[in-house]
Amino acid sequence: MFEKLLTNEIIEHVVESTNIYALQSGNESFNVSIEEMRIFMAILFLSGYCIVPRKRMYWELSPDTHHDTVSKAMSRNKFEEILRYFHVCDNANLDVSDKFAKIRPLWNMLNERWLQAYPGDANISIDESMVPYFGRHGAKQHIHGKPIRFGYKVWCVCTRLGYLIQAEPYQGKKTGNTIPEIGVGGSVVIDILSELPQNKTYSIYMDNFFTSLKLLDYLSEKGHDATGTIKANRVENAPLKEATVLKKESRGSYDQLTEQKTGITLVRYNDNNVVTVASTRCGVQPMGKAKRWCRVAKRQVDVQQPACIINYNTYMGGVDQLDQNISTYRIGIRNRKWYWALLAYLLNATMNNAWQLYRLTPK
């Protein structure tokens, strides 16, 4: 499954780029083969589940650290040489307007392969994924309150189980705001959906960073359903109950409005907190139930839950699932170069996608 995504052509491209970079760096004697590059990547993946404080410990002779499989497959010096020159582009032909030109060739090739093997789910979620990085770079982000606070932000579209369909690294507001009237969040959604097959309709789920009434109207015209939490200042003065009023009502209470012209439904719902959801797929009905702890009765009670909330909770967590899967076996070997974290992320995401495809195949 993994080799259907990271194909021979891609590995040949990486090998060629690595050899060119070594030559450009003045090392004329260096040469890496396709087989050596496969072993190199295998050691990278092994470092995600057989973790040591320093990469050289795999080759140490001490019985508590020596790894026989690694040392027999490749010498330490050869591994460090490949790590030093590992490249996926030709430095002589870089797009100066692209902050991620150093990784763009591999990123585009893997995006294409992920899309070709995409299982075809109609319910997809769009969210950001953080790639941990603590060095210096113009596109590095700090998002307070996230599990990974410092690093590169990557826009991702995923299936419910965490299969990464398409990804795009965030370069800043100037490059992200391609449709100013809809805003940065809406521009991201439209741009990333334009990469998906256009002969299908999708049910899209997103959080309040992306959701706006203009975006939902635009997606509806294209034939797609969309559901997302929405900020209170983006409902364009819709006469919903105020959050302060709804908060005083019983848990499970709600207020609903539907605009006849566009078909957009707004639901403000009181659960642990008051949340507003905008959707072109469904509204409150059919009503469901959720278990909640009641402090007064000191037991679990049933609380009514609108259909749009149930759908959002069911399908929105795809990118979080991807992050969780990657963090479990994240490549442990590090490098000083700024683009190494993104290259490792691409390999980790490819392995995650291969695992998802494997789970979907018959026994």
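Student: How much surface does the protein expose, and what share of it do carbon and sulfur atoms supply?

Tutor: In this predicted model, the protein exposes about 18800 Å², and carbon and sulfur atoms supply 49% of that area. As for the inside, 49% of the 363 residues count as buried.

Student: What are the overall dimensions, and how many helices and strands are there?

Tutor: Along the principal axes, the C-alpha trace spans about 75 × 50 × 45 Å. The protein has 13 helices and 11 strands. You can also ask how far along the chain the contacts reach. Take contacts between residues at least 6 apart in sequence: 61% of them join residues at least 24 apart.

Student: Let's take one helix. How do I read H2?

Tutor: Here's the general idea: an α-helix has 3.6 residues a turn, so residues three or four places apart point the same way. Now the case here. H2 covers residues 8-24, which is 17 residues. From first C-alpha to last it reaches 24 Å, close to the 24 Å expected at 1.5 Å a residue.

Student: Which residues of H2 are buried?

Tutor: Ile10, Ile11, Val14, Val15, Ser17, Thr18, Asn19, Tyr21 and Ala22. Try reading that list with the spacing of a helix turn in mind.

Student: And what do those buried residues pack against?

Tutor: Four helices: H1 (2-5), H3 (34-46), H5 (76-85) and H6 (104-116). Just after H2, have a look at Gly26, which takes a positive phi of about 95°.

Student: Glu9 is also in H2. Is Glu9 buried or exposed?

Tutor: Exposed, because its relative accessible area is 60%, and the cut-off for exposed is over 50%. If you'd like a distance across the model, the C-alpha atoms of Glu9 and Lys214 are separated by 42 Å, with their positions 205 residues apart along the chain.

Student: On to aromatics. How do I describe a pair of rings?

Tutor: A pair of aromatic rings is described by the distance of the centres and the angle of the planes. This structure holds 20 such pairs. One of them is Phe40 with Phe79, a tilted pair with 5.0 Å centre to centre and 35° between the planes.

Student: Where do Phe40 and Phe79 sit in the chain?

Tutor: Phe40 is in helix H3 and Phe79 is in helix H5, 39 residues apart, and the pair links distant parts of the chain. Both rings belong to buried residues. Phe40 and Phe79 are also part of one aromatic cluster with Tyr58, Trp59, Phe86 and Trp340.

Student: What does the pair of Trp155 and Tyr170 look like?

Tutor: That one is edge-to-face: 5.4 Å centre to centre, with 70° between the planes. Trp155 lies in strand S3, while Tyr170 lies in the loop between strand S4 and helix H7, 15 residues apart. Trp155 and Tyr170 are both buried.

Student: Which charged residues sit over rings?

Tutor: Two cases to look at. Arg84 lies over the face of Tyr85, 5.8 Å from the ring centre. The charged end of Lys153 sits over the ring of Phe209, at 5.6 Å from its centre.

Student: Last topic, strands. What should I look for?

Tutor: In a regular strand the side chains alternate between the two faces of the sheet. For a case here, go to S7 (residues 254-258) and S8 (residues 265-270), which run antiparallel and are joined by 5 bridges. Tyr254 has Tyr269 in S8 as its bridge partner.

Student: How many residues lie between S7 and S8?

Tutor: There are 6, and the two strands form a hairpin. In the turn, Gly263 has a positive phi of about 80°.

Conventions: Residues are numbered from 1 along each chain as its sequence is written. Side-chain values use heavy atoms; hydrogens and water are left out. The expected span of a helix is 1.5 Å times one less than its number of residues. Buried means under 20% relative accessible area, exposed over 50%, partly exposed in between (1.4 Å probe, protein chains only). Contact means heavy atoms within 4.5 Å. Rings of Phe, Tyr and Trp (its six-membered ring) pair if their centres lie within 6.5 Å; planes under 30 degrees apart count as stacked, over 60 as edge-to-face and the rest as tilted. A charge sits over a ring if NZ of Lys or CZ of Arg is within 6 Å of the ring centre and within 35 degrees of the ring normal. Two strands pair if DSSP finds at least two bridges between them. Accessible areas come from the Shrake-Rupley method with a 1.4 Å probe; for residues, only the protein chains shown count as cover.
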